[in-house]
Amino acid sequence: MPHRVVDFFRSPNDSLHSIKQTVQRRTSPTTSRRNSHERQRPTRASSYASSTEGEAHAEQEHQIPLFRTMDTAKDLSRPKEHHRLSFPGLHLGGHKTQKEPAHNPSACMVWKIESSPAIFYGSPEESTGALVSGRLQLNVKESLEVESLEARFEMCVTQKKPFSSHCQGCETKRTVLKSWSFLREPTVLAHREDISSPHESAGTHEFPLSILLEGQLPATTDNSLFSIRYELTAEAWPQDGGLPIKLRETIPVRRSLPEPQLPHHSVRIFPPTKITANVHYDAVVHPNTQPTFTMRLEGIGKHNKTAASVEYWKLKRVSWKLEEVVTTVAPACKKHAPKITGAAADAGENQQKKGTTRTDMRVIAHADLQSGWKTDYYSEQSSIEAEIEYNTAPSSPSSRPTSCDMRGSDGTEITHRLVVEMVVAQEYAPLAHTRHVTPTGVARILRMNFGVVVTDHGGLGVSWDNEQPPLYQYVDESPPSYARTVKAKNGSVEELNLDDEDETGDLPPSPSYFAGERSPAYCGSPFTPEELGSSSQTRMIA
């Protein structure tokens, strides 16, 4: 007991953490068992010696680690008490993080794009595709022998809600659109030191590549159900068996649909009332913009000439929201695809069993308006006019960006619609005193929705086939004809037309040719007509 008294007087000088550890060690079975053995030993000492031993024992307890190892077989045979440890900052389990593959330190690859941004102009049925071209640069720090160099351009479709969870085959599907094999046999890539041009590097080796993407391919997208991206992957394998040299670049591919010159006009009627809505809006809009639509409500008032009063529908509130609907079919891999047997299974059922339809709808942006329109309730042509601006960007900055419209042959579809709701309440007022308004207690909600197409900006708006030089089939077989005036021997002037040929197919000689003089028609050539020969012979002059 004296050592406990000493510990009690020493505890105020210690920290709170050390006091807790001391209490835990004393309450542990190992410590209590050791204390019980110590109590059984018959010892006689003075109070001063006991206090001294208590202080030494307390110091030894502070030096004992929190986690102890059992070395003897006797300790291993004792029953263990399992305590659950909680680490708030440590996340155990879950998905494994993919480590980045190691790269070869003696070389690297870089992709230099030379073409304009890849944009599909027009619908998938009308688009001529997009051209992607560039140079694949392989930079070596020293001479390196490469066994092979291959590259491929592929489309990667990732299902975020796959047919079977935790299945890589159901989640990701890769389609190789084009592949290149630049080096098919071992080749030494030299590191040249005699390069004097500032535009060239000593160890740079370039490999040009290009691909024409077909117009019916989908554009790059990333939404809540799936994502589509295009990747350029290149791999070079050294001859000595070292680490491979890899490159992976994501190429964004967009689609731009033409905008109509005039806004779309829509007329909506709301029975049993006589209200008619005339709406003009842009059918094609772009992401992160603020387009507008105009609205005119007619037939909102009814005049009573006998009572000299008017009964009308007053517009209380206007709400709009832009909705995005995503639909996709999550296909099943060969492993999880169910097998249909029997003659009753047709192609439609088989196709339905191969995938699961997923649908998701979200509101991109919305707003409620209490004012901002022009009203005319008391005239014969009572109407309401409003010009409302809406937003195609997400309301929250942390939300996913707006996806563009698309439609695929496999059931994939992204659509947008603009929903407009109006709350109208019926009121009654005399024409002599229009301020004396009496509500009738009748109200209605008028709802309209319009399909809008969200597409990317067209940039320069010129497709790849309009940028290229003229093709050979569009060029005439011969240059245009021209006339030369030559002076004959007798002094007369006559015209020489190179298109006029004789029966043999040769050009008629000029009068100066018979006189031994060089014709002006050949003044631009260093060869004489004898050297050129007849027109039926062809010579290539480098």
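**Close-up views of a predicted model**

**View 1. The largest nonpolar core of the predicted model comprises 38 residues.** Within this core, the residues with the most contacts are Met109, Phe153 and Leu213. Two or more residues each are contributed by strand S1 (107-113), strand S2 (118-121), strand S3 (130-140), strand S4 (144-159), strand S5 (172-183), strand S7 (204-213), strand S9 (226-238) and strand S10 (245-251). With its neighbours within four places in sequence left aside, Leu213 contacts Phe120, Thr128, Gly129, Ala130, Val132, Phe153, Leu177 and Val253. A second core, separate from this one, contains 35 residues, including Tyr281, Ala386, Leu418 and Val454.

**View 2. The protein as a whole provides the setting for the close-ups.** The predicted model holds 10 helices and 25 strands. Of the 542 residues in the protein, 30% are buried. Among contacts with a separation of 6 or more, 73% are made by residues 24 or more positions apart. The accessible surface amounts to about 36800 Å², and carbon and sulfur atoms account for 51% of that area.

**View 3. Glu231 and Arg174 are joined by a side-chain salt bridge, with an N to O distance of 3.1 Å.** Glu231 belongs to strand S9 and Arg174 to strand S5, so this pair ties together parts of the chain that are 57 residues apart in sequence. Glu231 has a relative accessible area of 4% and is therefore buried. Arg174, by contrast, is partly exposed, with a relative accessible area of 40%.

**View 4. Asp222 and Arg400 form a salt bridge between distant parts of the chain.** The closest N and O atoms of Asp222 and Arg400 are 3.7 Å apart. Asp222 lies in strand S8 (residues 221-222), whereas Arg400 is found in the loop between strand S20 (383-389) and strand S21 (406-407). The two residues are 178 residues apart. Asp222 is partly exposed at 41% relative accessibility, and Arg400 is likewise partly exposed, with a relative accessible area of 34%.

**View 5. A salt bridge connects Arg296 with Glu385.** The closest N and O atoms of Arg296 and Glu385 are separated by 2.1 Å in the predicted model. Because Arg296 lies in strand S15 (residues 292-298) and Glu385 in strand S20, the pair ties together parts that are 89 residues apart in sequence. Arg296 is partly exposed, its relative accessible area being 28%. Glu385 is also partly exposed, with a value of 31%.

**View 6. Salt bridges with shared partners assemble into one network.** Its members are Arg152, Glu154, Arg174, Arg229, Glu231 and Arg248. The pair of Glu231 and Arg174 shown in View 3, with 3.1 Å between N and O, involves two of these residues. The structure has a count of 18 salt bridges.

**View 7. Ala429, in strand S22, is buried.** Its relative accessibility is 0%, and Ala429 therefore counts as buried. Although Ala429 and Val310 are 119 residues apart along the chain, their C-alpha atoms are separated by 5.7 Å. Not counting residues up to four places away in sequence, Ala429 touches Ser309, Val310, Tyr312, Thr434, His436 and Val437.

**View 8. Tyr378, Leu431 and Val437 form a nonpolar patch on the surface.** Together, these three residues present about 220 Å² of accessible area. Val437 is situated in the loop between strand S22 (413-430) and strand S23 (438-454). The relative accessible area of Val437 is 33%, so this residue is partly exposed. Val437 is also among the residues that Ala429 touches. Ala429, in turn, counts as buried at 0% relative accessibility.

**View 9. Cys108 and Cys404 appear in a structure that holds 0 disulfides.** Cys108 has 39% relative accessibility and therefore counts as partly exposed. Cys404, at 19% relative accessibility, counts as buried; the cut-off for a buried residue is under 20% relative accessible area.

Note on methods: Residues numbered from 1 in each chain as written. Predicted model: local features only at pLDDT ≥ 70, side-chain atom pairs only at ≥ 80, totals over all residues. Heavy atoms only, no water. Patch = residues over 30% accessible without salt bridge, like charges linked within 9 Å, V, L, I, M, F, W, Y side chains within 5 Å. Areas by Shrake-Rupley, 256 points an atom, 1.4 Å probe, with all protein chains shown as cover. Salt bridge = Lys/Arg side-chain N within 4 Å of Asp/Glu carboxyl O. Helix = DSSP H or I, 4+ residues; strand = E, 2+ residues; numbered from the N terminus. Buried < 20%, exposed > 50% of the residue type's maximum accessible area, 1.4 Å probe, protein only. Disulfide = S-S within 2.5 Å. Contact = heavy atoms within 4.5 Å. Core = buried A, V, L, I, M, F, W, Y, C linked by side-chain atoms within 4.5 Å.
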